[in-house]
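Hi,

Here is the structure I promised to pass on to you. Have a look around first, and then read on for what turned up.

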Amino acid sequence: MGKLIKNHWARLIVLTAALYQIAAALSGFFWPKIFWDFLTTNLNPAVRPIPILQILNLLLGILAFAWEWPLPIFAFAETAMHRSIEARLAVYPLSALAALLLYQGTNPGIYYLLGMGVYFWGFSEGEVVCPDPWSLPRRRTQQVGRV
C-alpha cells in the first residue's frame with residue numbers, strides 16, 4: 001500500500017469547496033441572505049442592496065480554485081506562493097469565514113475547515129507541495145560515504 005499524500009487530498013477538498021463557493025456566490029446574487037439572520041439583522045447590509053459578501057465570496061472562490069489547480073498559462077505553479085502550505089493556512093480561514101456568513105455558502109465553509117485540517121496534518125508531518133501540480137515529491141538520494 002502507498003502512503004497517503006495529505007496535500008493532494010486537501011487540494012481535492014479545497015477544489016470542491018472553491019467550486020461550491022463560486023456557485024453559492026452566484027446564487028447569492030439572486031437570493032441574498034445572511035446565514036445568521038435568525039440571530040441578528042445587523043449583517044443584512046453586507047448582502048443587499050450592494051452585494052459585498054457575494055462579490056467577496058466569488059473572488060475568494062476563484063482565487064482558491066486558481067491556487068489549487070494552476071493552469072500553465074498563468075505561470076503560477078512554479079511560484080513559492082503555490083508551494084506554500086503556510087500561505088494556504090493563512091488565506092483559507094478568511095475564505096471559510098466569508099463562506100460561512102452567506103446562507104448559500106455554509107457547506108463550502110465546512111469543506112474549507114476540513115481542507116485546512118488536512119493541510120495542517122500534512123504540514124505537521126513535514127509534507128511539501130511539489131512545484132509541478134499533481135506530481136509526487138522526489139525521494140532524497142542517500143550518499144554513501146567512504147570509510
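**Aromatic pairs**

The count of aromatic pairs in this structure comes to eleven. One of them is Tyr20 with Tyr111: the ring centres are 6.2 Å apart and the planes meet at 45°, so the pair counts as tilted. Tyr20 belongs to helix H1 and Tyr111 to helix H5 (residues 106-124), so this pair ties together parts that are 91 residues apart in sequence. Are these two tyrosines buried, exposed or in between? Tyr20 is partly exposed, because its relative accessibility is 34%. Tyr111 is partly exposed too, at 31%.

Now look for Phe65 and Trp69, whose ring centres are 6.4 Å apart with planes at 35°, so that pair is also tilted. Phe65 has a relative accessible area of 29%, so it counts as partly exposed. Trp69, at 45% relative accessibility, is partly exposed as well.

There is also an aromatic cluster to find: Phe35, Trp36, Phe38 and Tyr103 make it up. While you are at Tyr103, look at its face, because Lys33 lies over it, at 5.6 Å from the ring centre. Lys6 does something similar with another ring: its charged end sits over Trp121, 5.0 Å from the centre of that ring.

**How far to trust the model**

A word of warning before the next part: this is a predicted model. Its average pLDDT is 87, and 90% of the residues score at least 70. Where is confidence lowest, and where is it highest? Among the helices, H3 (residues 80-83) has the lowest mean, at 84, while H5 has the highest, at 96. Where pLDDT is low, the predicted coordinates should not be read in detail.

**Salt bridges**

Side chains of opposite charge can pair when their charged atoms come close. How many salt bridges does the structure hold? There are four.

Start with Lys6, which you have already met over the ring of Trp121. Lys6 forms a salt bridge with Glu127, and the closest N and O atoms are 3.9 Å apart. Since Lys6 is in helix H1 and Glu127 is in the segment after H5, the pair ties together parts that are 121 residues apart in sequence. Both residues, Lys6 and Glu127, are buried. They do not stand alone, either: Lys6, Glu125 and Glu127 are linked in a network of salt bridges.

Next, go to Arg11 and Glu68, whose side chains meet in a salt bridge with an N to O distance of 3.3 Å. Arg11 sits in helix H1 and Glu68 in helix H2, so here the parts tied together are 57 residues apart in sequence. Arg11 and Glu68 are both buried.

Glu68 has another partner, Arg88, and the closest N and O atoms of that salt bridge are 2.9 Å apart. Arg88 lies in helix H4 (residues 85-101) and Glu68 in helix H2, so this pair ties together parts that are 20 residues apart in sequence. Why does Glu68 count as buried? Its relative accessible area is 0%, and buried means under 20%. Arg88 counts as buried for a matching reason, with a relative accessibility of 0%.

**A nonpolar patch on the surface**

Now turn to the outside. Leu26, Phe29, Phe30, Trp31, Ile55 and Leu59 form a nonpolar patch on the surface, and together they have about 680 Å² of accessible area. Which elements give two or more residues to the patch? They are helix H1 (6-30) and helix H2 (52-68). H1 gives the most, with three residues. Leu26 is a patch member that lies in helix H1. Leu26 is partly exposed, because its relative accessibility is 43%.

**One more thing to find**

Finally, step along the backbone to Arg48 and Pro49. The peptide bond from Arg48 to Pro49 is cis, with omega near 10°. To find the spot, look in the loop between H1 and H2, where Pro49 is located.

If you only have time for one stop, try Glu68: that residue has a salt bridge with Arg11 and a salt bridge with Arg88.

Happy exploring!

Key. Residues are numbered from 1 along each chain as its sequence is written. This is a predicted model: local features need pLDDT of at least 70, side-chain atom pairs count only at pLDDT 80 or more; totals for chains, interfaces and linings use all residues. Side-chain values use heavy atoms; hydrogens and water are left out. Patches are made of residues with over 30% relative accessible area and no salt bridge: like charges are joined within 9 Å, nonpolar side chains (Val, Leu, Ile, Met, Phe, Trp, Tyr) within 5 Å. Accessible areas come from the Shrake-Rupley method with a 1.4 Å probe; for residues, only the protein chains shown count as cover. Helices (H or I, at least four residues) and strands (E, at least two) are DSSP runs, numbered from the N terminus. Buried means under 20% relative accessible area, exposed over 50%, partly exposed in between (1.4 Å probe, protein chains only). Rings of Phe, Tyr and Trp (its six-membered ring) pair if their centres lie within 6.5 Å; planes under 30 degrees apart count as stacked, over 60 as edge-to-face and the rest as tilted. A charge sits over a ring if NZ of Lys or CZ of Arg is within 6 Å of the ring centre and within 35 degrees of the ring normal. pLDDT is the predictor's confidence in each residue, from 0 to 100.
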